Amino acid sequence: MERFYEVMFIVRPDIEDADVDKLIAGLEQTITNGGGNLRSTEKLGRRKLAYTVRKFNDGNYVLLTVDADGKLVAELERRLRVSEPVIKFITVRMDEEEKRLNKIKAIRATRKKISAQVPAAAPVAPAAPVAAPVEAAEPVAEATPATA
Amino acid sequence: MADETTPQRAPESGSHSHGPSSSGPGGAGPRTGGPRSGGPGGPGGPGGRKFFRRKKVCKFCTEKIDAIPYRDVRLLQGFVAERGKIVPRRLTGVCTTHQRRLTRAIKQARNIALLAFAARY
């Protein structure tokens with residue numbers, strides 16, 4: 001069963017960008033070799049860390065979204081732990097969250113569809129009632145002078 | 001009936017005067033005082049105040065924010081105190097489900113050095 005994970009890790013700030021790319025490519029290889037799928041790579045850039053990690057005060061943040069199974073994630077984490085430029089990493093499982101979000105979006109979409117059908121009738125309807133009160137106003141206005 | 005019984009009880013036991021005489025209205029007191037303190041205690045929080053504050057609404061419920069990602073530091077920083085502590089929900093007015101998710105996100109953010117564990121010596 002493919003699960004969906006977000007892996008965020010921090011690379012030392014004194015590592016070149018080219019080396020960061022090499023590192024990411026190496027991890028990508030690991031993922032594809034293990035049968036996973038890398039959804040996206042995001043480099044969040046250099047940020048100041050909230051606390052000192054291994055005597056560094058800022059670091060390069062990288063975010064990977066991966067479709068993988070547990071064993072592959074364990075392997076990926078092992079590589080991150082072992083690799084020298086990576087100072088911190090966190091893996092968050094996102095598939096349940098994604099399921100929940102999709103469910104909410106689906107509910108909202110159905111709700112919108114129902115209410116979209118009503119405004120489909122309603123733009124016709126407000127157009128009609130807008131026209132209708134105008135028409136109603138006119139006949140009433142006509143009627144009242146007629147009655148009056 | 002209670003008025004009839006309490007004068008009889010009071011002369012009976014002098015040492016127990018606090019007991020039965022207070023159990024008359026006192027028995028009814030804590031019973032109504034319990035749920036009563038649960039009323040203003042719900043939204044306001046027992047801060048020792050008699051009046052309760054205006055009902056704070058959950059920011060996430062009103063803005064319909066579904067997911068609270070740990071990456072969104074600016075959002076999380078609104079719920080973290082100056083020293084880095086997580087602000088209790090009776091002060092922020094967040095509902096329980098969102099507070100739990102928020103706590104989880106804050107702890108994840110702390111782990112990845114986006115938020116501090118403890119700030120300001």
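# A buried threonine, its sheet and a packed helix

Guide: This is a predicted model. A:Thr65 is found in strand 3 of chain A, residues 56-68.

Visitor: Why is A:Thr65 called buried?

Guide: Its relative accessible area is 9%. Buried means under 20%. A:Thr65 is therefore buried.

Visitor: What makes the pair A:Thr65 and A:Ser40 a polar contact?

Guide: Their side chains come to 2.6 Å. The cut-off is a pair of N or O atoms within 3.5 Å, one able to donate a hydrogen and the other to accept it. The pair therefore counts as a polar contact.

Visitor: Which residues is A:Thr65 in contact with, leaving aside its neighbours within four places in sequence?

Guide: A:Phe4, A:Tyr5 and A:Glu6 are on the list. So are A:Asn37, A:Leu38, A:Arg39 and A:Ser40.

Visitor: What is the order of the strands in the sheet of chain A?

Guide: Four strands form an open sheet, ordered 2-3-1-4, with antiparallel pairing.

Visitor: What makes strand 2 and strand 4 of chain A edge strands?

Guide: Each pairs on one side only. Strand 2 covers 37-53 and strand 4 covers 86-93. On average, neighbouring strands of this sheet are turned by 20 degrees against each other, direction ignored.

Visitor: How do you know that strand 1 of chain A pairs with strand 4 of chain A?

Guide: Count the bridges. Two strands pair if there are at least two bridges between them. Strand 1, residues 3-11, has seven bridges to strand 4, and the two run antiparallel. A:Phe9 stands opposite A:Phe89 in strand 4 of chain A. A:Val11 has A:Val86 of strand 4 as its bridge partner.

Visitor: What packs on the sheet?

Guide: Helix 2 of chain A, residues 70-82, does, touching strand 1, strand 3 and strand 4 of chain A. Its direction makes about 165 degrees with that of strand 4. Helix 6 of chain B, residues 96-111, packs on the sheet too. Helix 6 of chain B touches strand 2 and strand 4 of chain A, at about 155 degrees to the direction of strand 4.

Visitor: How many bridges join strand 1 of chain A to strand 3 of chain A?

Guide: Nine, and the strands run antiparallel. Among the partners, A:Met8 is matched with A:Leu63 in strand 3 of chain A.

Visitor: Why is strand 1 of chain A called largely enclosed?

Guide: Eight of its nine residues are buried, so strand 1 of chain A is largely enclosed by the rest of the structure.

Visitor: How do you know that the span of helix 2 of chain A agrees with what is expected?

Guide: Its 13 residues, at 1.5 Å a residue, should span 18 Å. The end C-alpha atoms lie 18 Å apart, so the span agrees.

Visitor: Which residues of helix 2 of chain A are buried?

Guide: A:Leu72, A:Val73, A:Leu76 and A:Leu80.

Visitor: Why are the buried residues of helix 2 of chain A said to line one face?

Guide: Seen down the helix axis, they fall within an arc of 100 degrees, so they line one face. An α-helix has 3.6 residues a turn, so residues three or four places apart point the same way. The cover over the buried residues of helix 2 of chain A includes strand 1, helix 1 (17-33), strand 3 and strand 4 of chain A.

Visitor: What does the face of helix 2 of chain A turned away from its buried side carry?

Guide: The exposed residues A:Lys71, A:Arg81 and A:Val82.

Notes: Residues numbered from 1 in each chain as written. Chains lettered and ligands numbered in written order. Predicted model: local features only at pLDDT ≥ 70, side-chain atom pairs only at ≥ 80, totals over all residues. Heavy atoms only, no water. Buried < 20%, exposed > 50% of the residue type's maximum accessible area, 1.4 Å probe, protein only. Contact = heavy atoms within 4.5 Å. Axes fitted to C-alpha atoms, helices over the stretch in contact; angles between N-to-C directions. Expected span 1.5 Å × (residues − 1). Arc of directions from axis to C-beta.
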